[in-house]
Amino acid sequence: MADTKAKPGQPKQGLLLDIRNLRIEATVYPPGETPKNIVLVHDVSLTLEKGKVLGLIGESGAGKSTIGLSSMGYGRGGVRITGGEVILNGRDILKGGKEGFRKLRGREVCYVAQSAAAAFNPAHRLMDQVVEATLLHGTATRAEAEKRAVALFKKLSLPNPETIGERFPHQVSGGQLQRVMTAMALCSEPDLIVFDEPTTALDVTTQIDVLAAIKDAIRDTHVAALYITHDLAVVAQVSDEIMVLRHGRLVEWGGTRQIIKEPRQEYTNALVSVHEIEHLEQKPGATPFLSVKNVTAAYGGSHIKVLKNVSVDIYPGQTLAVVGESGSGKSTLARAITGLLPPEEGTVTFDGRPLANRLADRPKEDLRQLQMIYQMADVAMNPRQTVGTIIGRPLEFYFGMRGRERDKRVAELLDEIEMGKGFLDRYPAELSGGQKQRVCIARSLAAKPKLIICDEVTSALDPLVANGILKLLLNLQQHEKVAYLFITHDLATVKSIADSIAVMYRGEVVRYGPKSKVLTPPFDAYTDLLLSSVPEMEIGWLEKAIKGRRMASAGN
Amino acid sequence: MSSPILKLIAQRIALGIVLLLAVSVLIFAGTQILPGDVAQAILGQSATPESLANLREQLGLNDPAYIRYFHWLGGVVTGDLGTAMSSGQDIATSIKGRLWNTLFLAFWAAVVAVPLAIILGLIAVRYRNGWVDKLISGLALASTSFPEFFIGYVLVYFFAVKWQIFPGISTVYEGMPFGERMQAIALPATALTLVVLAHMMRMTRAAILNVMQSAYVETAELKGLSAFNVIRKHAFPNAIAPIINVVMLNLAYLIVGVVVVEVIFVYPGMGQYLVDHVTKRDVPVVQAVGLVFAAVYISLNIIADIGAIVANPRLRHPK
């Protein structure tokens, strides 16, 4: 079946990609040890028909991207393909050498990266980058390629398709860039596109538009695709088949319906049911211990207000979830409460007395009562300190604990985060993502605060790991009676953990109240958009959601 | 050109002028702190106190320092750099010819060194960590590590003494034909090129390697671009700001740091002029040359700043 290119617009048939017993290795250099080989992908085989979409799903480290990139003969960061065959259009591309790879990249196989914002060269105009591969491989003249690009911009419903190509990447929003990148991949009319988490970095309301655009483009151009993601609900919308991977091995491979409705493997089942944590809402108590009243804030004396007249209350031992898309002011609210960004107007009261606006003016005791956990656990810890030192530090700082007393408390805290004493002498670099976040939780608990502000603490984690963290947080809340201000863009997380919810949009709280009320219709337009944008694990959800929308998302 | 860029550029230029004024104060203060004064220098050890006092009166050395400073600055602004103590010649006139000579030498050294350094840097990145890269880095580093006078004498030994291709003494005069002039500066220009090459080459390599980690470089590789085109089209344009910076620093060095090379090759440029008059304690000349050097240095740095601003697409094409 050597290169039977059908005319565009007609479905193609036959086998396109046949990966047999693929084995991928890398050399790692652990500090202080001799370099060693590790196997990233163990004998994985897959086939893909022309015009079909195969979803590759798994947690980080499952080898999804590595397998996807092997179809282009590319190993990221010194990764080597050491065994197996990658047969594309009837020939083993691994035998083609560097020259062979160059000829197929950008022509037969194209790539759409997770962050288009980083994947576009900031120094060149979009159009030059979109048509670059087409011109390089000589499949069209510049005029033809640009015409094709404009047609693709239209198909992907980009605004001003005629002129958007003249812009530079920084002049275009993230959601738009992701679609321009899809157009870039389609422009050279490849047989296969590797989509590597193309919507993961986007807001949930933008993701749905980009997802719909990608799906339409795939359908209309009859290109085949490998769609890599960790989100099963997303991949269920676009794929014909789904392959579940774990630790570089195949777990399960089947039709989309079978995988999400009748998973055969236990691991697949865990992925499918990952978000179901039952959390009964607690009724708000008599008096909140922390009240944010009419707070308005801006960065650097700018006239653009990032927070506009925001008021929320937090009750002892309960969770207030703050949801909204990026730029809605969620994290700024946290910064205003902690005093990192002194509000211009309004007050924050704690136990009935106002807190000083500026962090520097607050007494140590106030600092102790408010602790924070961040999204990126690895940069929130000093890489040169051991876990014991990191958790022990607030004990010394706030309570003056020393020696054995401190060590005992650190050990208790390690138990509370379900990690045990064995981790005392480890460095952050030796921990997994979930373990790092647990250490950060222990560090904040060590201060015995009344409130922990959790800023997107599960967003960087794999779903199963994130689930473990949420369960831990809920357990700790029961034991320690600590309250959470839980900032997230993920509504499934909100349902699992919140007692009350504040929905933020462009610096304002647009909906606020107990969880049951906020999540019950009738909705305001924005909350409706937000709720209807959360992917559901159901075939055909995407089309229904797009149809049923009352308001266009802002960030596309 | 949009207003934010113009504003930034205007800021840089204003800052440069302020800086130059500050430097002029420093130069003036520095020459005041030096032991002895001009009158002493002119009359020598055997001068009588009376003749010293007379000369000081005559030269205005008894005025307070700030009056002398403003007097001097006023002259500089109107193009009058004063008169050389030792020879009685007008400094501005002597500097003009010599500055021209120095710029001529620096220009031709730069014409060779800058493109060569950047191309070598690109090649080093293309074959990074291989033997080509190591060879280029090693040779460039060696040429920088040798002091200029050593390189200068080695060049003289081979090219002037042994093979007699180029003159060992770079005499130039007004009205000299271009070809002869080029032949005269061949050796000093080569010495200067070797001195500045490595710094520019290694910074180019480092700046591009830094950019090579970016996602857009991977995008370019996945389009099927050849390794060299990935570097040239996608990495280099984003590394240009640091490269401009190091190039300008080295150009400044070519103009103000040539003292040793000019002395070795007896080239009638600014460096030699400065050295001659430092030994004669000719303060007005030293001040004037110092100020000219400072002006060159600051202007080149302003150009580097402006280059970096203009090279940034975010500033060039605001949202």
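Modeller: Domain bounds here come from an automatic or database domain assignment. This is a predicted model, where local features need pLDDT of at least 70, side-chain atom pairs count only at pLDDT 80 or more, and totals for chains, interfaces and linings use all residues. Residues are numbered from 1 along each chain as its sequence is written, while chains are lettered from A and ligands numbered from 1 in the order in which they are written.

Colleague: OK, what makes domain 1 and domain 2 of chain A two domains?

Modeller: That assignment divides chain A into 15-272 and 290-520. Their centres, taken over C-alpha atoms, are 36 Å apart.

Colleague: How do you know which residues of the two domains are in contact?

Modeller: Two residues count if their C-beta atoms, placed from the backbone, lie within 7 Å. By that rule, 8 residues of domain 1 of chain A meet 6 residues of domain 2 of chain A.

Colleague: And how many residues does each chain bring to the contact between chains A and B?

Modeller: Chain A brings 23 residues and chain B brings 16.

Colleague: Why is something called a nonpolar core?

Modeller: Because it's a set of buried Ala, Val, Leu, Ile, Met, Phe, Trp, Tyr and Cys residues joined through C-beta atoms within 7 Å. Buried means 20 or more other C-beta atoms within 10 Å of a residue's own (12 or fewer is exposed, in between is partly exposed), with C-beta atoms placed from the backbone. The largest core has 157 residues, and Val180(A), Ala183(A), Ala225(A) and Met200(B) touch the most other members. Another core, of 70 residues, lies apart from it and includes Cys440(A) and Tyr505(A).
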